Amino acid sequence: MASETQRVRVELGERSYDIVIGAGLLGRVAEFLQPLGLGKRGVVITDSNVEPLYAGPLRAALNDSGFEARVVSVPAGEASKSLRQASRLLRKMPSFRLDRHSFVIALGGGVVGDLAGFVAATYLRGLPVIQIPTSLLAQVDSSVGGKVGVNLPQGKNLVGAFHQPRLVVADTDTLASLPPRELRAGFAEVIKHGAIRDAKFFSWLERERERVLKLEGGAVAHAVRRSCEIKAEIVSADERESGVRAMLNFGHTIGHAMEALSDYVGLLHGEAIAMGMACAGRLSVKRAGLSAAEAERLSALIEASGLPTRLGERFNLDALLNAMRLDKKARGGKLRFVLLKRLGEAVVSDDVTDADIQETVNVCR
């Protein structure tokens, strides 16, 4: 069903672009592409879960408007965010007869967006990429901001680039096809945006989380739009993560380490970030002045949203510390954490010690 579209602008000078949000937008993608002045030939990169649902209608809509789009798919799952799959896709690209005016469309969740963006950034030294995120996590976070890349066995996102999209189209109707677990995992990033930047939004999520997770139109559109607004403000101020953009990594230092140690199997990104945020909330009480009551509010919202807050015994402390030191945010082997001074205000801290992490991990078991 079609609805009124909402737009969020990412202001980056000549690389500025719109995020278009609404229901029923997939069939209108050509309408949004026309003003960009791109070529008529492109490739849609998607995955094995999304392709049977949305690739056909998207390709038909593009073809009806004079665009020629080929579709190529990768296996669904984090394992596809790899140099192996990137190499496979890049070897296919010459057969599509693309030139520097051609485009790449990333149709899928965060894995597809990062992988397709990386392929677009590297083929012919850079092709325009259009992000069409179909998961909540991708709509509220990973499709915006231009970070693209793949994982290595040693860590997440260790190979990549900054390659801003020309356009993001977030069709909220596509969220209806998500398994409930995937939807909840995406909600973790929504919680993150409120926690680091907007206490009023965080309070709204405490009240309205059930409506968002039930995909009630007005609620989910507001959650997507406000998350995109927060990320757009931060990216516009700090595109290359030299300052304030680091705030978006709240919960990610421990979360990414857990993902790497699990070999990206059996643990969704949002679930890892949820546990990472719960731990970071406890660290914030000790090192950033967050009140215990607000730390409890954060953990309570995560848990009430059906997300994990406890690490259990799965992750060895020494292995976690070693994985965290490979994190891109570490400097000279010293860990950097995003902590909360209060809900809605985050800071970057170099003061977290191994003893602090050990104490927090033990409490969060």
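# Briefing: sheet, helices and selected residues

Lys 147 touches Asp 114, Ala 161, Phe 162, Glu 241, Arg 245 and Asn 249, leaving aside residues up to four places away in sequence. The model is predicted. Its strands include seven that form an open sheet with mixed pairing, and helices α2 and α3 lie across strands that include β3 and β4. The points below begin with Lys 147 and its hairpin, then turn to the sheet, the helices and individual loop residues.

**Lys 147 and the β7-β8 hairpin**

- Lys 147 is part of strand β7, and its relative accessibility of 32% places it in the partly exposed class, because that class lies between the 20% and 50% cut-offs.
- Between Lys 147 and Gly 113 the C-alpha to C-alpha distance is 9.4 Å, although 34 residues separate them in sequence.
- Gly 113 is itself one of the buried residues of α4, as is Asp 114, which Lys 147 touches.
- Strand β7 (residues 147-152) runs antiparallel to strand β8 (residues 155-162), and five bridges join them.
- The connection from β7 to β8 is a hairpin of two residues.
- Across this pair, Val 148 stands opposite Ala 161 in β8; Ala 161 is also among the residues that Lys 147 touches.

**The seven-stranded sheet**

- The order of the strands is β1-β2-β9-β6-β5-β3-β4.
- At the edges are β1 (6-10) and β4 (68-74), each of which pairs on one side only.
- On average, and with direction ignored, neighbouring strands of this sheet are turned by 20° against each other.
- β1 pairs with strand β2 (residues 17-22) in the antiparallel sense, over five bridges, and Arg 9 stands opposite Asp 18 in β2.
- β2 and β9 run parallel and are joined by five bridges; the bridge partner of Ile 21 in β9 is Ala 170.
- β6 and β9 also pair in the parallel sense, over two bridges, with Ile 130 opposite Leu 167 in β9.

**Enclosure of β9**

- Five of the five residues of strand β9 (residues 167-171) are buried, so the strand is largely enclosed by the rest of the structure.
- Both faces of β9 are covered: one side carries Leu 167, Val 169 and Asp 171, the other Val 168 and Ala 170, and all are buried.
- Two of these buried residues, Leu 167 and Ala 170, have bridge partners named above, Ile 130 for Leu 167 and Ile 21 for Ala 170.

**Helices lying across the sheet**

- Helix α2 (residues 51-64) lies across β3 (41-47), β4, β5 (103-108) and β6 (129-133), and its direction is at about 165° to β4.
- Helix α3 (residues 83-92) lies across β3 and β4, at about 155° to β4.

**Helix α4 and the residue that follows**

- Helix α4 (residues 110-122) consists of 13 residues and reaches 18 Å from its first C-alpha to its last, close to the 18 Å expected at 1.5 Å a residue.
- Of the 13 residues of α4, 12 are buried, so the helix is largely enclosed by the rest of the structure.
- The buried residues of α4 include Val 111, Leu 115, Phe 118 and Val 119.
- α4 is followed by Leu 124, which has a positive phi near 55°.
- Leu 124 lies in the loop between α4 and β6 and, at 30% relative accessibility, counts as partly exposed.

**Packing of α10 and α11**

- Helix α10 (residues 269-287) packs with helix α11 (residues 292-304) at an angle of about 175°, and their axes are 9 Å apart.
- The two helices are therefore roughly antiparallel to each other, because the angle is over 145 degrees.
- α10 contributes Ala 274, Met 277, Ala 278, Gly 281 and Val 285 to the contact, and α11 contributes Ala 292, Ala 295, Leu 298, Ser 299 and Ile 302.
- Eight of these contact residues are nonpolar, two are polar and none is charged.

**Other loop residues**

- Most residues other than glycine have a negative phi.
- Arg 97, not a glycine, has a positive phi of about 55°; Arg 97 lies in the loop between α3 and β5 and, at 52% relative accessibility, counts as exposed.
- Glu 239 lies in the loop between α8 (217-237) and α9 (252-261) and is buried, with a relative accessible area of 13%.
- Beyond its neighbours within four places in sequence, Glu 239 is in contact with Leu 12, Arg 15, Phe 162, Gln 164 and Arg 245.
- Phe 162 and Arg 245 are also among the residues that Lys 147 touches.

Conventions: Residues numbered from 1 in each chain as written. Predicted model: local features only at pLDDT ≥ 70, side-chain atom pairs only at ≥ 80, totals over all residues. Heavy atoms only, no water. Axes fitted to C-alpha atoms, helices over the stretch in contact; angles between N-to-C directions. Helix = DSSP H or I, 4+ residues; strand = E, 2+ residues; numbered from the N terminus. Parallel < 35°, antiparallel > 145°, perpendicular 65-115°, else oblique. Contact = heavy atoms within 4.5 Å. Nonpolar A, V, L, I, M, F, W, Y, C, P; charged D, E, K, R; others polar. Expected span 1.5 Å × (residues − 1). Buried < 20%, exposed > 50% of the residue type's maximum accessible area, 1.4 Å probe, protein only. Pairing = 2+ DSSP bridges.
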